[in-house]
Amino acid sequence: MKGKVWDKVRRQVKVLFERAGIISCELKYAGCWNANALSFCHRLKRRKITTEEELAFVILGCIPCHQILEAKPAEEMYQIVTEIREARPV
């Protein structure tokens, strides 16, 4: 699930996030940059993603928060992203 597939999925996800008004970091760890240097955070490590559905299951995070998330164990990362995504009113 690399390159061209992620480019396609990212374009679709970006539109959905903009429509839902999700335009700042959803993690909000200490040192959060809020709405600067944002990227999509997956709940699985990228090397473990095998479907487009899983590739699209993301939250929005600033670089510092994304790095904190990535440093966590895979199970914890999965749980955090899943809980944030499922708690959305959208």
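This report walks through a predicted model of one protein, from its overall build to its cores and single residues.

**Overall build**

Four helices and two strands make up the protein. Read from the N terminus, their order is α-β-α-β-α-α. The radius of gyration is 12 Å, close to the 12 Å that the globule rule gives for 90 residues, so the protein is as compact as a globular protein of that length. Along the principal axes, the C-alpha atoms fill a box of roughly 35 × 30 × 25 Å.

Contacts reach far along the chain. Of those with a separation of 6 or more, 69% join residues 24 or more positions apart. Buried residues account for 34% of the 90 residues.

The accessible surface comes to about 5700 Å². Carbon and sulfur atoms hold 54% of that surface. As for charge, the protein carries 16 positive and 11 negative charges. The mean positions of the two sets lie 6 Å apart.

**The nonpolar cores**

The largest nonpolar core has eleven residues. Four cysteines belong to the list: Cys25, Cys41, Cys62 and Cys65. The other members are Leu27, Phe57, Ile59, Leu69, Met77, Ile80 and Val81. Strand 2, helix 3 and helix 4 each give two or more residues to this core. Helix 4 gives the most, with three residues.

A second core is separate from this one and has ten residues. Among them are Val9, Phe40, Val58 and Leu60.

**Helix 3 and its surroundings**

Helix 3 spans residues 63-71. Its buried residues are Pro64, Cys65, His66 and Leu69. Cys65 and Leu69 also appear in the largest core. The buried residues of helix 3 pack against three elements: strand 1 (38-42), strand 2 (58-62) and helix 4 (74-87).

Cysteine 65 deserves a separate look. Beyond its neighbours within four places in sequence, cysteine 65 is in contact with Cys25, Leu27, Lys28, Tyr29 and Cys32. Of these partners, Cys25 and Leu27 are members of the largest core as well.

**Single residues**

The table sets out location and accessibility for six residues.

| Residue | Location | Relative accessible area | Class |
|---|---|---|---|
| Valine 9 | helix 1 | 2% | buried |
| Threonine 82 | helix 4 | 11% | buried |
| Alanine 20 | helix 1 (residues 4-20) | 29% | partly exposed |
| Alanine 37 | loop between helix 1 and strand 1 | 34% | partly exposed |
| Lysine 28 | loop between helix 1 and strand 1 | 46% | partly exposed |
| Glutamate 53 | helix 2 (residues 52-55) | 69% | exposed |

Start with valine 9. Its relative accessible area is 2%, and buried means under 20%, so valine 9 counts as buried. Leaving out residues up to four places away in sequence, valine 9 touches Glu52, Leu55 and Ala56. Valine 9 and phenylalanine 57 are 48 residues apart in sequence, yet their C-alpha atoms are 10.0 Å apart in space. The two residues sit in separate cores: valine 9 in the second, phenylalanine 57 in the largest.

Threonine 82 also falls under the 20% cut-off, at 11%, and is therefore buried. Apart from its neighbours within four places in sequence, threonine 82 is in contact with Arg43 and Phe57. Phe57 is one of the residues of the largest core.

Alanine 20 lies in helix 1. At 29%, its relative accessible area falls between 20% and 50%, so alanine 20 is partly exposed. Its C-alpha atom is 9.7 Å from that of arginine 88, which is 68 residues away along the chain.

Glutamate 53 is over the 50% mark, at 69%, and so is exposed. From glutamate 53 to leucine 27 the chain separation is 26 residues, and the C-alpha atoms are separated by 21 Å.

**Backbone angles in the loop**

Two residues of the loop between helix 1 and strand 1 call for a check of phi. Lysine 28 has a positive phi, near 60°, and is not a glycine. Lysine 28 is also one of the contacts of cysteine 65. Alanine 37 has a positive phi too, about 50°, again in a residue that is not a glycine.

How values were computed: Residues numbered from 1 in each chain as written. Predicted model: local features only at pLDDT ≥ 70, side-chain atom pairs only at ≥ 80, totals over all residues. Heavy atoms only, no water. Rg over C-alpha atoms; globule rule 2.2 N^0.38 Å. Buried < 20%, exposed > 50% of the residue type's maximum accessible area, 1.4 Å probe, protein only. Contact = heavy atoms within 4.5 Å. Areas by Shrake-Rupley, 256 points an atom, 1.4 Å probe, with all protein chains shown as cover. Lys, Arg positive; Asp, Glu negative; His and termini not counted. Charge placed at Lys NZ, Arg CZ, Asp CG, Glu CD. Core = buried A, V, L, I, M, F, W, Y, C linked by side-chain atoms within 4.5 Å.
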